[in-house]
Each structure stands twice: as C-alpha cells, then as structure tokens.
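Hi,

Here's the structure I promised to pass on. Have a look at it first, and then read my notes underneath.

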Amino acid sequence: MGTDTAGPIVADRLESADVARVRRIIADATVADGVSPLSEQAVAAVDSLAPAVTHVVSAAGYANIVPGRDGEATMIEAVVDPASRRLGHGKALVTAAFVTAAELSAPGGPEPRIWAHGDLPGAVALASSLGLMRLRELLQLRRGLGNGAPELPELVVDPSMVVRTYAGDADDAEILRVNNAAFDWHPEQGGWSPAQIAERVAAPWFDPAGLFLAFDAADPDRLLGFHWTKTHDEDLGEVYIVGVDPAAQGRGLGRLLTLAGLHHLADSGRREVNLYVEGDNTAALHTYERLGFTRYAVDVAYGRA
C-alpha cells in the first residue's frame, strides 16, 4: 500500500513495510506513555487479514476501525508516533478515522467512538479539540499477590457445585453458550463463535490449568460459569474473563471463580494480578473490591452523543 505524506490512507490490509512501521510506532508509544496505545485485539489486527478490520495509516500514525456488532458503535483505536506529536498529526489521523468509521457504520446506528487507553492528557486534549465526550469507561484494577499483599480468602466450594479446570475442546460448546449468554450486552465480549475460543486456546499464554469451570453437582454437564486466567510475564497475571450463566446468578459464582483463579496465579508465583471491568458494572466492582482490588488505570471511549 505505502503511506502518503499528503494525508491518511484507508486500506483493508497493510503491506509488510507498513506493518513493521506501525508495530515500531506502537512499541515506541508504549515506552513513552507507559501504556499500550492499542488493545490486544487491535495490535493483533495490524497484520490480520480479517475482513471486518479497516486500517487508516499516515506518515505519523495508525488507526484501526472495527464495525459495531448488533447495533453497537463502530470503534476506533489510534496511535501517533511520539516523535511526531503536537504537530497536528493526531487530529488529522483521528478525523480521517471518524469519517471512515461513519461510512462503515449502519445507517441510523450510534456514532463511532474512539478508545483512549490510559486516558492520557494528550488524548483528553485531542478529544476536547474534536468535540468528543466521555461515553464509556473501562477500569483496570490490580491486586498484589504473595509476600506483603493482603492474604487471599480461603477457597471454599459448596458441595452443590463442582469446580474443575479445562479438559479440552469437549468443554468449548458450554463455554461458548455461557459466554454469549453472560455477555450478550457487551460490544467486544459478546457474540463469540468457536473461532474466538480456538484462538485463545492456541495463544502462547493459554494454560488449561488456569481455565476454571463450575458445574452444578446435580447436572455435571451444564456449565454454570467460568474464569479464564492469563499470564503476562513471571510477575503479572490477569483475571481475563469471568462469565456466569444469567440463570445461575445469585449463587456466588463470580466470587468463587475469581478466587479460584487468584489462588492459581498466586501458586504459580505471580506477584500481581490485574483485570478489566466496565466502570458502571457496580456488582462486579463490588466483588473485586471485596477481594482486595483497587483502581490502577482507566480506558475511555470518546464520541458524540
């Protein structure tokens, strides 16, 4: 494709030279800002051939556009080379991305939105200059594990439940069912297909011993909830996804499954654990706060109401 110094270019895929340059920009921005400018999914999409992803590239930055699912807003993620900031490149890139995102959005649907990971001062200023408002907050919470950290509560499993770890692809159908029931409201987590499970099971970080499944002892084939844990490095683990079947709400499964994963991460030597939760999910926030999590960072989705 090649980049054009006259302005951002829109493409369905990137040429190898652009992939390398965009990945360098992402790495430089991560170092400069102390937070990745793009989500894990957006970084993976840089060299993806997924038809739903649209790329916007300029000489100084990159934006990734994914259409919304089932009436949700089209989402943008963007990054500008730290060496080229405060020169108008970010405004030009984001403006072009919003124009393209609007063209990709369903008629009559919600306006496109853009994620600001870390909600850094530069992102706040850029959003203000474009007349964008804060419409959604995704909180990152953290908790210490091991020496010096608050002790984890004891893991006690009620006799009416069975908790075990992932036994292979025979579990996938039930995980998929519960995931899509639990997150039918969620723009990114809902609407999974078997491909999303297969992708994560094949990921380098996946450990079957870190995927916890809870069943009713009276019906051991029907999944009540699950907890995927994730490891980032030797020190940091993650409460990646906790999903509970809406029909099983009220049985303390969220706390139980979260705690099972925390004990696993602590036993594997991780010294800290993080998680992401919607800022308005008061029930989940209450559970996590009672387990010792505190606010660490925030990602904000900006847009026009």
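Below is what I found, going from the sheet to a few individual residues.

One caveat up front: this is a predicted model.

The sheet first. It is an open one, built from twelve strands in the order S1-S2-S3-S4-S5-S12-S6-S11-S10-S9-S8-S7, and the pairing is mixed. Its edges are S1 (9-11) and S7 (161-165), each of which pairs on one side only. From one strand to the next, the twist averages 25 degrees. Helix H1 (residues 16-33) packs on this sheet, where it touches S2 (54-57), S3 (61-66) and S4 (75-80). The direction of H1 makes about 80 degrees with that of S4.

Now to the S1 end. S1 pairs with S2 in the antiparallel sense, over three bridges, and Val10 has Val56 of S2 as its bridge partner. S2 is also antiparallel to S3, this time over four bridges, with His55 opposite Asn64. A hairpin of three residues takes the chain from S2 to S3. As for side chains, those in a regular strand alternate between the two faces of the sheet. In S2, Thr54 and Val56 point one way while His55 and Val57 point the other, and all of them are buried.

For a parallel pair, go to S10 (residues 236-244) and S11 (residues 272-278), which are joined by four bridges. Gly237 is the residue opposite Val273 of S11.

Next along S11 is a residue I'd like you to look at: Asn274 lies in that strand. Is Asn274 buried or exposed? Its relative accessibility is 3%, so Asn274 counts as buried, the cut-off for that being under 20%. What does its side chain make a polar contact with? The partner is the side chain of Gln140, at 3.1 Å. Leaving aside neighbours within four places in sequence, Asn274 is in contact with Gln140, Leu141 and Arg142, and also with His232, Leu236, Gly237, Glu238 and Val239. Gly237, then, turns up both here and opposite Val273.

Last, a helix. H3 (residues 89-104) has 16 residues and reaches 23 Å from its first C-alpha to its last, close to the 22 Å expected at 1.5 Å a residue. Its buried residues are Gly90, Leu93, Val94, Ala97, Phe98, Thr100 and Ala101.

Shout if anything looks odd when you open it up.

Cheers

Notes
Residues numbered from 1 in each chain as written. Predicted model: local features only at pLDDT ≥ 70, side-chain atom pairs only at ≥ 80, totals over all residues. Heavy atoms only, no water. Helix = DSSP H or I, 4+ residues; strand = E, 2+ residues; numbered from the N terminus. Expected span 1.5 Å × (residues − 1). Buried < 20%, exposed > 50% of the residue type's maximum accessible area, 1.4 Å probe, protein only. Pairing = 2+ DSSP bridges. Axes fitted to C-alpha atoms, helices over the stretch in contact; angles between N-to-C directions. Contact = heavy atoms within 4.5 Å. Polar contact = N/O pair within 3.5 Å; in protein donor to acceptor, adjacent residues only side chain to side chain.
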